[in-house]
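Please open the structure in your viewer and keep the sequence panel beside it. The tour below goes from stop to stop, saying at each one what to select and what is to be found there.

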Amino acid sequence: MSSGGLELPPGDSSHEGGPADAAGAAPGGIPAGAVSLAPPTAGSARAGAELDWGTEAWSEVRTRAQRAGRAYIWLNLIEQRLRSVIGAVLRPVYQPVHGEDDWVVAAAGPAGQEWVQRAVAVREVSRRKGYLLDSADDNVLSFLTLPQLRELMVQHWPCFEPYFDDRREIELALDELEVTRNVVSRNRALSRPVLEQAERASARLLEVLGGGAGSPAADRLPIDAVEDLVGDRYADVISVHPDRVRLQRQLPAEDLFGGARRLDAIGIGLNLLVQNFSGRRLVRLTEAGCRVRLLFLNPASSAVKRRERELGLRKGELSRSVEMNILHVRRVRAGLRDPSRFDIHVFDETPRFTAYLVEGESSGIAVVQSYLRRARGMESPVLVLRGGGRGVPKDADHGLFTTYREEFESVWEDSRPVS
């Protein structure tokens, strides 16, 4: 799981969170979260070198690689952001006096002379051997490691103080990342709690350094580094939850609906909106310019009666619940200065899914659930989709958000307005 509450669905059973993790312990009695590739004991190994890897060993290797790879993405992002910030702040101070090549050496000063000279030597070797594939990396700053970048910032904190309020917060976040960096750089086992701690620290540090999404709509579910790289592998699905309770822990109704500029919802009773987002809040949202279209299942339809039988409810119990929700949103609409921006419709078809399509200024989010025969909406699995806007995978036009948007429009055309 990422810092903003994002979960990438596993691509196969060997991915993080698959059966290997679900058992609570790795093969061979290793504690949960630890990965061990130690050879078998002398008593159990046959004569000669044991070179084969079985299914369990390959599963452990993949788990280690996936965790290290995910951590490396965050560390790389933080390192590049720090280089950019340090270059922007310290270059104008030292470059006019010491020149393009030596300003980093001068900024390091006597205390950093050893590690900065080592970076200069590595740069020269990279030049001679042709390792510098991008001319933009042909500078000493690009060869400094995360601890060295931190040291530069700490040594020159008065230069950074006008831009960042809390030096202690930055140092604490970098301290947390140093543990992960040390493990990843030496290809050792990275436990899941340490990975999650690194992701939280990275997200916090990027926000402090001004590298976040920067828009209120995107802040509801910020795009993390991993989603940006591999999100197209899962179309536009950015998280999956076993039920709505787990969803609301990561994405409360206020974060989902707050700041929306367009809200379309379809379902039986739309409880996620009606029961978790107050009427006054919905009025303020609409008055602020949000366009709302709500599509309920007709409480008098035969489909409601079938659904009651599926769930084992008493006759009329579900229909009364839907009627109460419709009356609630009608009262909300009646309190608006411009009721034309708030439409309520009912449909008579068999309900197949419930969907909340929320679009902000620059991005969209959808929460989608399929109806199961014996499970209430609160107990059904949930998909969270990324809609159109900045940072969406290239093939988002063919993603699930578009599919459910088209399905909503189709049902809306055949629905009837509620007076």
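Two strands are said to pair if DSSP finds at least two bridges between them. With that in mind, select strand β4, residues 262-267, together with strand β7, residues 353-359, which pair in the antiparallel sense over five bridges. Within this pair, look for Leu263, which stands opposite Val358 in β7. Please remember throughout that this is a predicted model.

**The sheet around this pair**

Now widen the selection to the open sheet, in which eight strands follow the order β3-β9-β8-β7-β4-β5-β6-β10 with mixed pairing. Which strands stand at the edges? They are β3 (237-241) and β10 (416-417), and because each has a single partner strand, one side of each is left without a neighbour in the sheet.

**The whole chain**

Zoom out until the whole chain is in view, and you can look for its 16 helices and 10 strands. Of the 419 residues, 43% count as buried, while the chain exposes about 21,600 Å², of which carbon and sulfur atoms supply 51%. Among the contacts between residues at least 6 apart in sequence, 74% join residues that are at least 24 apart.

Colour the chain by pLDDT next, if your viewer allows it: the average is 82, and 80% of the residues score at least 70. Residues 1-26 stay under 50, and for them the model has 66 contacts beyond four places in sequence. Residues 212-220 are also below 50, and this stretch has 22 contacts in the model beyond near neighbours in sequence.

**Salt bridges between helices**

A search of the whole structure finds 27 salt bridges, and the next selections show some of them. Begin with Arg70 and Glu199, whose closest N and O atoms are 2.5 Å apart. This pair links distant parts of the chain, since Arg70 belongs to helix α2 (residues 55-108) and Glu199 to helix α7 (residues 192-208), 129 residues apart. Are these two residues, Arg70 and Glu199, buried or exposed? Both Arg70 and Glu199 are buried.

While helix α7 is in view, select Glu196, which is found in that helix and is partly exposed, with a relative accessible area of 27%. Glu196 and Ala71 are 125 residues apart in sequence, and their C-alpha atoms are 8.9 Å apart in space.

Stay with the salt bridges and select Glu176 and Arg204, whose closest N and O atoms are 3.6 Å apart. Glu176 lies in helix α6 (residues 167-185) and Arg204 in helix α7, so this pair ties together parts that are 28 residues apart in sequence. Glu176 is partly exposed at 24% relative accessible area, and Arg204 also counts as partly exposed, at 27%.

**Helix α3 and the loop after it**

Move to Asp138 and Arg127, whose side chains meet in a salt bridge of 2.9 Å, N to O. Asp138 lies in the loop between α3 (113-129) and α4 (146-155), whereas Arg127 is in helix α3, so the pair ties together parts that are 11 residues apart in sequence. Asp138 is partly exposed, with a relative accessible area of 29%, and Arg127 counts as partly exposed at 37%.

Then select Ser126, which lies in helix α3 and counts as buried at 9% relative accessibility. A polar atom of the Ser126 side chain lies 2.9 Å from the backbone oxygen of Val122. Leaving aside residues up to four places away in sequence, Ser126 touches Tyr131, Leu132 and Phe143.

**A network of salt bridges**

For the next stop, select Arg262, Asp264, Arg293, Glu359, Arg405 and Glu409 together, because they are linked in a network of salt bridges.

**Two backbone angles**

Most residues other than glycine have a negative phi. Asn187, in the loop between α6 and α7, has a positive phi of about 55° although it is not a glycine. Leu270, whose place is in the loop between β4 and α12 (271-274), also has a positive phi, near 55°. To end the tour, keep Leu270 selected and consider its surroundings: Leu270 is buried, with a relative accessible area of 2%.

Definitions and conventions
Residues are numbered from 1 along each chain as its sequence is written. Side-chain values use heavy atoms; hydrogens and water are left out. pLDDT is the predictor's confidence in each residue, from 0 to 100. Contact means heavy atoms within 4.5 Å. A salt bridge is a side-chain nitrogen of Lys or Arg within 4 Å of a carboxyl oxygen of Asp or Glu. Helices (H or I, at least four residues) and strands (E, at least two) are DSSP runs, numbered from the N terminus. Buried means under 20% relative accessible area, exposed over 50%, partly exposed in between (1.4 Å probe, protein chains only). A polar contact is a pair of N or O atoms within 3.5 Å; within protein, one must be able to donate a hydrogen and the other to accept it, and residues adjacent in sequence count only if both atoms are side-chain atoms. Accessible areas come from the Shrake-Rupley method with a 1.4 Å probe; for residues, only the protein chains shown count as cover.
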